[in-house]
Amino acid sequence: ETPLASGKLVSDVIGHRAVVSATWDYVPAATMAALVTMLRTGAWLTVGYPDPDGTDKSAKFKISIPSPGIFKFVSGVPMWHSVALTMKAQEVT
């Protein structure tokens, strides 16, 4: 945004960068460990996702380290509860 002398703010929309948030109720601890190891590399990863326009899309994303909620055992299996992450697309469309 750029402020004008009149006090109005103006901005140019050049494109759109997809940002996808995902949450899971339960993720096995082993899956979470593998995911965090992969994400710590900082690489752009190809992700398939449903677009709001109703189509399936695929793009390269930078993915945040998940923010796990509560660690607990479910039927004797170690799990993370309320796991959330955010994926930000590399390309502006």
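At 39% relative accessibility, Phe71 counts as partly exposed in this predicted model, and this residue makes a good starting point for a walk through the aromatic side chains. Its partner, Phe73, counts as exposed, because its relative accessibility is 54% and the exposed class begins over 50%. Three aromatic pairs are present in the structure. One of them joins Tyr49 to Phe61 in an edge-to-face arrangement, with 5.3 Å between the ring centres and 90° between the planes. Because Tyr49 belongs to strand β4 and Phe61 to strand β5, this pair ties together parts that lie 12 residues apart in sequence. Tyr49 and Phe61 are both buried. Phe71 and Phe73 make up another edge-to-face pair, here with 5.6 Å from centre to centre and 80° between the planes. Together with Trp80, Phe71 and Phe73 form one aromatic cluster.

Trp80 also leads to Tyr26, a residue of strand β3, which spans residues 17-28. When residues up to four places away in sequence are set aside, Tyr26 touches Trp80 as well as Lys72, Val74, Met79 and His81. The relation with Lys72 deserves a closer look. The two residues are separated by 46 residues in sequence, and their C-alpha atoms lie 9.5 Å apart in space. A polar contact of 3.5 Å connects the side chain of Tyr26 with the side chain of Lys72. Tyr26 itself counts as partly exposed, because its relative accessibility of 36% falls between the 20% and 50% limits.

Attention now turns to the interior. The largest nonpolar core comprises 12 residues, namely Ala18, Val20, Ala22, Leu39, Leu45, Val47, Tyr49, Phe61, Ile63, Leu85, Met87 and Ala89. Strands β3, β4 (45-50), β5 (56-63) and β7 (77-92) each contribute at least two residues to this core. Such an arrangement invites a general remark: in soluble globular proteins, nonpolar side chains tend to be buried together. Two members of the core show how its strands meet. Val20, leaving out residues up to four places away in sequence, touches Tyr49, Phe61, Leu85, Thr86 and Met87. The contacts of Val20 thus include both rings of the buried aromatic pair, Tyr49 and Phe61.

Ile63 offers a second view of the core. This residue sits in strand β5, and Ile63 is classed as buried because its relative accessible area of 15% is under 20%. Beyond its neighbours within four places in sequence, Ile63 is in contact with Leu39, Leu45, Val47, Leu85, Thr86 and Met87. Leu85, Thr86 and Met87 also appear among the contacts of Val20. By contrast, Phe73 is just 10 residues from Ile63 along the chain, yet 26 Å separates their C-alpha atoms.

The pairing of the strands completes this part of the picture. β4 and β5 run antiparallel and are paired over six bridges. Within this pairing, Pro50 stands opposite Asp56 of β5. Five residues lie between the strands of the β4 and β5 hairpin, where Gly54 adopts a positive phi near 95°. On β5, a further pairing is found with β7, also in the antiparallel sense, and three bridges join these strands. Lys62 has Lys88 in β7 as its bridge partner.

Finally, charged side chains come together around the β4 and β5 hairpin. How many salt bridges does a search of the whole structure find? The search returns two. In one, the side chains of Lys57 and Asp51 meet at 3.9 Å, taken from N to O. In the other, Asp53 and Lys57 meet through their side chains at 3.6 Å, again N to O. Asp51, Asp53 and Lys57 are accordingly linked in a network of salt bridges. Are Lys57 and Asp51 buried, exposed or in between? Lys57 counts as partly exposed because its relative accessibility is 34%, and Asp51 also counts as partly exposed, at 21%. The value for Asp51 lies above the 20% limit under which a residue would be called buried.

Notes. Residues numbered from 1 in each chain as written. Predicted model: local features only at pLDDT ≥ 70, side-chain atom pairs only at ≥ 80, totals over all residues. Heavy atoms only, no water. Salt bridge = Lys/Arg side-chain N within 4 Å of Asp/Glu carboxyl O. Buried < 20%, exposed > 50% of the residue type's maximum accessible area, 1.4 Å probe, protein only. Helix = DSSP H or I, 4+ residues; strand = E, 2+ residues; numbered from the N terminus. Contact = heavy atoms within 4.5 Å. Polar contact = N/O pair within 3.5 Å; in protein donor to acceptor, adjacent residues only side chain to side chain. Core = buried A, V, L, I, M, F, W, Y, C linked by side-chain atoms within 4.5 Å. Pairing = 2+ DSSP bridges. Phe/Tyr/Trp six-rings, centres within 6.5 Å; stacked < 30°, edge-to-face > 60°.
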